[in-house]
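Here's a quick briefing on the pockets in this structure. Take a look at the model first, then read on.

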Amino acid sequence: MNQLETQNAHLISEDVNVWFGDRHVLRDVSLTFPVNQVTALIGPSGCGKSTFIRTLNRMHELIPGAGFSGKVLFNGQDIYESTVDPTTVRLKIGMVFQKPNPFPTMSIKENVLSGLKLSNRKTSDADGLVETALRRASIWNEVKDRLGDPAISLSGGQQQRLCIARSLAMEPEILLMDEPCSALDPGSTRRIEETILELSEDMTIVIVTHNMQQAQRVSSRTAFF
């Protein structure tokens, strides 16, 4: 890891190790994630890609029996320091999961605003925030006349873009995406990839993918596990 890489990095992992019980699943992983670039994590199933990406915003801590050593530096600060609140970390480093997971009892609009509500944050312009987040997630034109409809009335690809919008509403600096297209058809995959490229103009993105062609299409750097 040279000095230039460190200076341009938004996020850095240093000697990351992860255990589940006695099972050592990641060993000494050191990577840099440059500002406003897409970094793809590729490799065979079961090699630890999804586990690693969850260490980047402390999501893996929610798994019983998980252990961790090493550092993850976000803007120069180790997110694993005892004084750091993991909830605050997850607001700044958002996550989009493999399967779309909108809240089924909420409307499209309520889903976008749900993160604010859950984190007790307020906005003076909820409608403007909803529109901005949905536009950035490339779904505004498809849902602008049905914001009160249930989120589960959307197609799978639309639900995934809604989940991206839900993350964007929190204004994260970094977006982690764990195989966001694996459950989608080719058309929806293309739209998600276009969204990733647009977002990377002003956001750092880390994406886990099993598709090497997708990594080539959307990323500027690729790490092989």
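The second largest pocket holds about 230 Å³ of space. Of the 15 residues lining that pocket, Ser45, Gly46, Cys47, Gly48 and Lys49 sit closest to its centre. Keep in mind that this is a predicted model.

**More on the second largest pocket**

- Two elements, β2 (23-34) and α2 (49-55), each chip in at least two lining residues.
- The top contributor here is α2, which gives 3 residues to the lining.
- Sorted by character, the lining of the second largest pocket comes out as 7 polar, 5 nonpolar and 3 charged residues.

**The largest pocket: space and centre**

- Now for the largest pocket, where the space comes to about 550 Å³.
- Its lining is made up of 21 residues, and those closest to the centre are Arg90, Met95, Gly115, Ser167 and Met170.

**The largest pocket: who lines it**

- Which elements give two or more residues to the lining of the largest pocket? They are the helices α3 (86-92), α4 (108-118) and α7 (156-168), along with the strand β6 (93-96).
- Of the elements, β6 gives the most to this lining, with 4 residues.
- As for the mix of residues lining the largest pocket, 11 are nonpolar, 8 are polar and 2 are charged.

Key. Residues are numbered from 1 along each chain as its sequence is written. This is a predicted model: local features need pLDDT of at least 70, side-chain atom pairs count only at pLDDT 80 or more; totals for chains, interfaces and linings use all residues. Side-chain values use heavy atoms; hydrogens and water are left out. On a 1 Å grid over the protein atoms alone, a cavity is a set of points where a 1.4 Å probe fits but cannot get out, and a pocket is an open set with protein on both sides within 12 Å along at least five of seven lines; lining residues have an atom within 4 Å of a point. Grid points are joined across faces, edges and corners, and a volume is the space filled by probe spheres set on the points. Ala, Val, Leu, Ile, Met, Phe, Trp, Tyr, Cys and Pro count as nonpolar, Asp, Glu, Lys and Arg as charged, and the others, Gly among them, as polar.
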